[in-house]
Amino acid sequence: MGIPEKIKAIQEEVTKTKVNKATEHHLGLLRAKIAKLKKEQEEKKSKKGAKVDSFGVKRSGDATVVFIGLPSVGKSTLLNQLTGARSTVGAFQFTTVTVVPGMMEYRGAKIQLLDLPGIIKGASTGKGLGKRILSVARNADLVLLMLDVFQPYHEDVLVNELGNIGIKINQKAPNIIIEKTTTGGIAIAQQVKLTKMTENLLKGILRVYGINNARVVIREDLTSDQLIDYVSGNKSYAKAITIINKIDLVDKKFLKQLKSKIKSDFIEVSADSGINIDVVKDKIYDNLRFIRIYMRPKGRETDYKEPLIARKDSTIGEICDKLHRRMKNEFRYALIWGNSVKFGGQRVGINHVLQDEDVVTIIKSR
Ligand SMILES: Nc1nc2c(ncn2[C@@H]2O[C@H](COP(=O)(O)OP(=O)(O)OP(=O)(O)O)[C@@H](O)[C@H]2O)c(=O)[nH]1
Ligand SMILES: [Mg+2]
């Protein structure tokens with residue numbers, strides 16, 4: 001039996017099995033087996049050289065944000081409003097056929113926005129350019145889920161298609177530690193009590209993935225699906241903002257009703273008439289969680305006028321990379337004033353994690 005047949009056989013068994021307490025364990029293991037086979041299938045495909053990679057657009061700026069939406073919802077129109085780029089806008093579907101980058105400068109940050117072709121239901125299975133489009137979101141710092149005011153229910157389609165290729169939207173990686181050992185079986189320490197799956201199922205799922213000996217620390221009450229996602233690897237977790245476009249076409253009453261229909265928070269905009277464009281800019285900036293670093297060149301004044309923009313949790317090493325290509329090689333130590341240190345002028349190494357508004361002096365080797 002080949003992999004597709006195996007997957008089909010297990011899927012049939014899942015459909016036939018009634019869901020109840022007694023079958024929970026069995027079903028959990030079946031789902032783990034399917035996930036493992038699917039992963040093997042993907043790996044085989046990519047070895048054959050099938051193109052599932054992105055469009056190869058060079059990342060630039062302080063962060064990268066991508067537009068994901070069905071055709072004609074107004075992605076290109078909004079990109080142009082936010083960045084002054086000139087991505088082609090058309091009254092017909094599939095106007096955009098490749099990645100079009102734009103740069104949004106906001107509060108000192110340079111944010112790269114990538115306009116993408118529209119996706120349709122089934123994109124994750126390879127419909128249209130689906131897979132390639134979706135995979136661009138994998139390396140993005142933030143995803144804009146863009147919807148037409150008349151089709152807000154498409155949010156589920158977007159989240160599902162992204163989920164199918166392993167990009168989880170607005171979820172955190174599960175808080176669990178699995179350290180493989182050579183003997184001793186699977187030892188579990190529950191710092192947080194498991195209520196959504198049994199210890200037995202957890203062990204069973206790990207064994208499906210060939211993990212027979214390990215030290216496991218549970219730090220979050222996770223579900224069996226979260227565990228399967230985690231051990232099957234190749235998952236990425238992306239933050240997203242939902243945007244509803246074309247609100248110029250509806251009245252206030254319609255918008256009010258919309259709020260009761262959509263689960264997530266959303267920003268209502270009209271890309272065409274320029275309504276709420278600044279709100280989108282603010283939300284993007286806030287979600288990317290930038291910090292400002294003030295540089296103080298050795299023996300000189302601190303430059304408070306033009307802070308260096310970095311992502312939250314950046315290290316001194318990452319700041320060096322922003323300053324100069326060879327800076328890291330010449331780095332000896334840094335002096336810090338601010339929230340990340342105990343006292344002003346504290347000496348730190350290259351892995352020191354910075355905080356918003358730290359003042360930094362870098363001392364180079366002579
Ligand atoms: N009324 C109205 N029309 C809009 C708005 N934004 C975009 N449009 C129109 O919607 C159509 C599609 O806009 P595009 O920006 O090309 O949409 P897209 O999402 O980039 O489409 P694809 O590239 O095909 O995926 C065009 O005719 C736009 O003029 C809006 O806020 N209000
Ligand atoms: Mg477009």
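Contact, as I'll use the word, means heavy atoms within 4.5 Å. Helices (H or I, at least four residues) and strands (E, at least two) are DSSP runs, numbered from the N terminus.

Hi everyone, a little housekeeping. This is a predicted model, where local features need pLDDT of at least 70 and side-chain atom pairs count only at pLDDT 80 or more, while totals for chains, interfaces and linings use all residues. Residues are numbered from 1 along each chain as its sequence is written, chains are lettered from A and ligands numbered from 1 in the order written, and side-chain values use heavy atoms, leaving out hydrogens and water.

Let's look at helix H3. Eight of its nine residues are buried (under 20% relative accessible area, 1.4 Å probe, protein chains only), among them Lys75, Ser76 and Leu82. What do these buried residues pack against? The strands are E1, E2, E3 (109-115), E4 (142-148) and E10 (240-245), and helix H9 (277-288) joins them. Just after H3, Gly84 has a positive phi of about 75°.

Now the magnesium ion, ligand 2. Its protein donors (N, O and S atoms within 2.8 Å of the metal, or 3.2 Å for Na, K and Ca) are Ser76 (OG) and Thr96 (OG1), 1.9 to 2.1 Å away. Ser76 sits in H3 and Thr96 in the loop between H3 and strand E2 (100-106), so the pair ties together parts 20 residues apart in sequence. Ser76 and Thr96 are both buried. Water is not among the atoms, so sites may look incomplete.

Finally, Asp62, in the loop between helix H2 (24-47) and strand E1 (63-69). Leaving aside neighbours within four places in sequence, Asp62 is in contact with residues including Gly108, Phe290 and Lys322.

How values were computed. Buried means under 20% relative accessible area, exposed over 50%, partly exposed in between (1.4 Å probe, protein chains only).
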